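Subject: Structure handover

Hello,

Here is the structure we talked about. Please open it alongside this note; my findings follow below.

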Amino acid sequence: MGYLEEAEELFDYTQALRRDFHLHPELGFKEVRTAGIVARELRELGLEVTTGVADTGVMALLEGSSPGPVVMLRFDMDALPIQEQTGAEYASVHPGVMHACGHDGHTAIGLAAARLLVAHRQELAGTVKLVFQPAEEGLGGAERMIAEGVLEQPRPDYCLGVHVWNDQPVGWLGIAPGPVMAAGEIFQVRVKGQGGHGAIPHLAVDPVVASAHIITALQSIVSRNVSPLHTAVVSVTTMKAGDAFNVIPSEVTFSGTIRTFLPETRDLVLQRFHEVITGVANSLGCEAEVDVQKLTPAVINDTQITACVQRVAADLLPGDTISQDCATMGSEDMAYFMREIPGCFIFVGSRNEEEGLDAAHHHPRFDFDERALPRAAALVAASAAGFLNAYGDL
Ligand code: NI
């Protein structure tokens, strides 16, 4: 049997795990129950398991029958602080916490892939390093795992990550070389003026008017500074001004996010971001404090590894559409692993409109078509096996 047929045979196992994780979602670095199940399942397969990496991360090594390269498979486990509204029978039992990005699926896919690879151990020349990561959602799980040595002993030669993808239906695969997810920054801006009476504005310095001009002017960075052939986003998403209708406040704060693919675009946007804010604020008599924090680098797929995964996918799922130029302005901390280890981040279509499984990621009604589970598990396992034997032209 091939990987796909075997993954289909594991469907009940994979679905049961996914639904169990979905029922019991856990926020970043609190995936205690989830990590316990992961470790138990991996130990049952006879793997050498390390727990407690970055608090709740789990790592396991699967040795093939002969020596060879090391391929790392990474799966994220954390949920989001969202109140679930799916009405599913397996809906979250934890108020305000929900698997709204599909990481429940990723964890189950990882455990299914581990089973598939153990069954094919005799054919593997090399080592599979299975990494179950906590806290992908902006809390720094990947960076902490790296700091705690997950990329050493043994150091992976290649890495793979996977995301179920509700933007596209089941039967679609996104396996594209180059940047596929954006570099993200979080910014906080404080615009300081001088408070006063709302009816006597000439004796105040109004930071509300200044902020309005700044936010409008920031939109000129993407439209007037970044090349029309390159990609960037500047979004102001929160704003806090005064508390009373007749008081000009002394300061305004706003925050948001910047997304880019290319490092040179990122540098340009950040430079203009500071210049526009300071310049507009000063011209209106205000002062501005700008704080920009890095969220993640861009996820950049290695050309050769991506080509290998594309060949595996075309063999494994010949009826599927393989997009070779998909990308999203979302960000992913898989980028930190892929900055050190060449790899490929794969998107597996999981939308099903007829069944209402089509809400966007991070939406309270997010749910996906579970037919994506065996497809993703088979693709990840077969790609790993590909690196360690048949598709050995890497
Ligand atoms: Ni996600």
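A residue counts as buried here when its relative accessible area is under 20%. By that cut-off, Y13, T14, Q15, L17, R18, F21 and H22 of α2 are buried. One caution before going on: this is a predicted model.

**Helix α2**

α2 has 13 residues. From first C-alpha to last, α2 reaches 18 Å, close to the 18 Å expected at 1.5 Å a residue. Its buried residues pack against three helices: α3, α4 and α10 (372–388).

**Helix α3**

α3 covers residues 32–44. It has 13 residues and spans 18 Å between its end C-alpha atoms, close to the expected 18 Å. The buried positions in α3 are T34, A35, I37, V38, A39, E41 and L42. An α-helix has 3.6 residues a turn, so residues three or four places apart point the same way. You may want that in mind when you look at both lists.

What do the buried residues of α3 pack against? On the helical side, they meet α2 (11–23) and α4 (103–119). On the strand side, they meet β1 (48–53), β2 (57–63) and β4 (125–133).

**α3 against α4**

This pair deserves its own look. The axes of α3 and α4 are 10 Å apart, and the packing angle is about 10°. Angles under 35 degrees count as roughly parallel, so α3 is roughly parallel to α4. By class, their contact has 4 nonpolar, 2 polar and 3 charged residues. From α3 come T34, V38, E41, L42 and E44. From α4 come T107, L111, A114 and R115. T34, V38, E41 and L42 also appear among the buried residues of α3.

**Backbone points to check**

Most residues other than glycine have a negative phi, and most peptide bonds are trans. Please check these places by eye.

- F29 sits in the loop between α2 and α3. Its phi is positive, near 70°, and F29 is not a glycine.
- G46 comes just after α3 and has a positive phi of about 80°.
- A54 lies in the loop between β1 and β2. Its phi is positive too, about 55°, although A54 is not a glycine. A54 has 0% relative accessibility, so it counts as buried.
- Q153 and P154 are joined by a cis peptide bond, with omega about -5°. P154 is in the loop between α5 (141–147) and β5 (158–169).

**Cysteines**

How many disulfides does the structure hold? The count is 0. C101 is buried, because its relative accessibility is 9%. C286 is buried as well, with a relative accessible area of 2%.

**V222, away from α3**

V222 belongs to helix α6 (residues 207–225). Is V222 buried or exposed? Neither: at 30% relative accessibility, V222 counts as partly exposed. Leaving aside neighbours within four places in sequence, V222 is in contact with A232, V233 and V234. V222 and I37 are 185 residues apart along the chain, and their C-alpha atoms are separated by 45 Å. I37 is one of the buried residues of α3.

If you are short of time, start with the α3 and α4 pair, whose axes are 10 Å apart. Then go to the cis bond between Q153 and P154.

Best wishes

Key:
Residues numbered from 1 in each chain as written. Predicted model: local features only at pLDDT ≥ 70, side-chain atom pairs only at ≥ 80, totals over all residues. Heavy atoms only, no water. Helix = DSSP H or I, 4+ residues; strand = E, 2+ residues; numbered from the N terminus. Expected span 1.5 Å × (residues − 1). Buried < 20%, exposed > 50% of the residue type's maximum accessible area, 1.4 Å probe, protein only. Contact = heavy atoms within 4.5 Å. Disulfide = S-S within 2.5 Å. Axes fitted to C-alpha atoms, helices over the stretch in contact; angles between N-to-C directions. Parallel < 35°, antiparallel > 145°, perpendicular 65-115°, else oblique. Nonpolar A, V, L, I, M, F, W, Y, C, P; charged D, E, K, R; others polar.
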